[in-house]
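The following exercises are to be worked with the sequence and the three-dimensional model in view. Each task is followed by a solution in steps.

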Amino acid sequence: MITAKARAIDGPDKSFRAAEIKRRDLDLHDILIEIKYAGICHSDIHTAHGEWGAVNYPLVPGHEIAGIVAEVGAEVTKYKVGDRVGVGCMVDSCGDCENCQKGEEQFCLNGQVPTYAGVDKYGEPTQGGYSTHIVVTEDFVLKIPDSIELDAAAPLLCAGITTYSPLNHWGAGSGKKVAVIGLGGLGHMAVQIAHAMGAEVTVLSQTLNKKEDGLDLGADSYYATSDPETFKKLGGYFDLIINTVSAKIDINAYFGLLTLDGTLVNVGAPSEPLSVRVQSLIGGRRSFAGSLIGGIRETQEMLDFCAEHSIAPKIEVISADQIDEAYKRVLASDVKYRFVIDISTM
Ligand code: NAP
Ligand code: ZN
């Protein structure tokens, strides 16, 4: 067993504390990663606060992991000691089912193993990246391109792939009008990626406070959703809308912004259900869809795409003692645009 330092939370209303966790000894195809940086995703907060259902505490969140290979199992072929690597939201899947065979391991029919708050094939609870080390089977480890700094690479492993995948799947590109609701961690990646894919990009944020940043990131226009004029002006305009909002919003108002056959994809995962007025969909033969991260192959494709297009998240690096404060700021939409924990401060 390997002992790792970590930051754990003991209940929905608790603060983070220093902890020690065990990582398994390396199996034949396992990789021991010395974690350098871990991003803070809003999903960490939903989970840590028990908003998505019961959680086994103590919990060590973190599924935006960047680090260096420290040791490899006897039969590892894909990586060697010293390689710059990442781990995202899942650390294993069955590998045999139809969806795994298609490279869509996130939809594994036998249940993929989430990086934290899951149970691995050895029956042990999984613990995430707010820690100094992690052991992951090589097929779920990603290669971080040399041109991407490790701290900036971390958020790509969730925020990057979660937005790249639906933009790719629904064909964002030249001639397509794409809107992004919410300019947070996911939103600010969606804007950069959709722009690089060649789409016309619009940000729909609660206010105009971050307009300058949005335009710098590649948006062509920027509107405040607190202004009712926005919904009049943009009616029927977008081919694709990506909703990244972490809270319940009036989704019907946004269906009205879709063109004929347009699609609104929800990646935001609020704990409360959204209520859908079906008439808003029937009207323009519109679709309402969801999307969950992306498969391993697509995640590597996203990392390489970001390297090729010089895309990186805007990050604020914090120490391990600042996790509680960072959570409060994310909840107040006061994040520009991703907090990343410097694991050396642990
Ligand atoms: P985040 O950084 O907090 O960004 C969310 C943004 O939504 C905020 O910055 C804010 O943008 C907007 N927002 C927040 N509260 C709002 C409200 N009450 N009304 C309207 N807008 C509001 O969060 P994130 O890390 O990007 O994650 C966003 C959501 O995606 C979370 O629910 C997370 O769990 C989910 N997620 C899903 C997947 C997946 O695979 N589907 C993966 C990762 C995360 P403005 O200030 O611009 O309005
Ligand atoms: Zn995430």
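**Exercise 1. Polar contacts of the ligand**

Which polar backbone atom is 2.7 Å from an oxygen atom of ligand 1? Continue with the contacts of His46 and Ser291.

Solution. The model is a predicted one.

Step 1. The backbone atom belongs to Leu183, and its partner in ligand 1 is an oxygen atom at 2.7 Å.

Step 2. In His46 the contact is made by a polar side-chain atom, which lies 2.8 Å from an oxygen atom of ligand 1.

Step 3. For Ser291 the backbone again supplies the polar atom, and a nitrogen atom of ligand 1 is found 2.9 Å away.

Step 4. The cut-off for a polar contact is a pair of N or O atoms within 3.5 Å. The distances of 2.7 Å for Leu183, 2.8 Å for His46 and 2.9 Å for Ser291 therefore qualify under the limit of 3.5 Å.

Step 5. Ligand 1 taken alone exposes 920 Å², of which the protein buries 89%.

**Exercise 2. The shell around the ligand**

Describe the residues that surround ligand 1, and establish where the ligand lies with respect to the two domains.

Solution.

Step 1. The shell holds 30 residues, and the closest are His42, Leu183, Ser205, Lys210 and Arg338.

Step 2. By class, the shell divides into 14 nonpolar, 14 polar and 2 charged residues.

Step 3. Helices α1 (42-48) and α5 each contribute at least two residues to the shell. The most comes from α1, with 3 residues.

Step 4. Domain 1 (2-143 + 314-345) and domain 2 (159-290) both give residues to this shell, so ligand 1 lies between them.

**Exercise 3. The nonpolar cores**

How many residues has the largest nonpolar core, and which helix gives the largest share of it?

Solution.

Step 1. The largest nonpolar core has 91 residues. Ile40, Tyr130 and Leu167 have the most contacts inside this core.

Step 2. Helix α5 (residues 185-196) gives the largest share, which is 6 residues.

Step 3. At least three residues of the core come from each of domain 1 (2-143 + 314-345) and domain 2 (159-290).

Step 4. Another core, of 16 residues, lies apart from the largest one; Ala179, Ile181, Phe255 and Leu264 are among its members.

**Exercise 4. Backbone geometry in the loops**

Locate the cis peptide bonds from Tyr57 to Pro58 and between Lys336 and Tyr337. Then examine phi of Ile293 and Ser333.

Solution.

Step 1. From Tyr57 to Pro58 the peptide bond is cis, and omega is near -5°. Pro58 is placed in the loop between α1 and β4 (65-72).

Step 2. Lys336 and Tyr337 are joined by a cis peptide bond with omega of about -10°. The loop that holds Tyr337 runs between α11 (323-331) and β17 (338-342).

Step 3. Ile293 is not a glycine, yet its phi is positive, near 25°. This residue sits in the loop between β15 (287-290) and α10 (296-308). The limit for a buried residue is under 20% relative accessible area; Ile293 counts as buried because its value is 9%.

Step 4. Ser333, also a residue other than glycine, has a positive phi of about 55°. Its place is in the loop between α11 and β17. With a relative accessible area of 40%, Ser333 is partly exposed.

**Exercise 5. Accessibility and separation**

Are Lys121 and Asn252 buried or exposed? State also how far the C-alpha atom of Lys121 is from that of Lys14, and that of Asn252 from that of Met90.

Solution.

Step 1. Lys121 is found in the loop between β7 (113-114) and β8 (133-137). Its relative accessible area is 59%, so Lys121 is exposed.

Step 2. Lys121 and Lys14 are 107 residues apart along the chain, and their C-alpha atoms are separated by 29 Å.

Step 3. Asn252 belongs to helix α8 (residues 251-255). At 16% relative accessibility, Asn252 counts as buried.

Step 4. Between Asn252 and Met90 the sequence separation is 162 residues, and the C-alpha to C-alpha distance is 32 Å.

Note on methods. Residues numbered from 1 in each chain as written. Chains lettered and ligands numbered in written order. Predicted model: local features only at pLDDT ≥ 70, side-chain atom pairs only at ≥ 80, totals over all residues. Heavy atoms only, no water. Core = buried A, V, L, I, M, F, W, Y, C linked by side-chain atoms within 4.5 Å. Buried < 20%, exposed > 50% of the residue type's maximum accessible area, 1.4 Å probe, protein only. Helix = DSSP H or I, 4+ residues; strand = E, 2+ residues; numbered from the N terminus. Domains from an automatic or database assignment. Near = heavy atom within 4 Å. Polar contact = N/O pair within 3.5 Å; in protein donor to acceptor, adjacent residues only side chain to side chain. Areas by Shrake-Rupley, 256 points an atom, 1.4 Å probe, with all protein chains shown as cover. Nonpolar A, V, L, I, M, F, W, Y, C, P; charged D, E, K, R; others polar.
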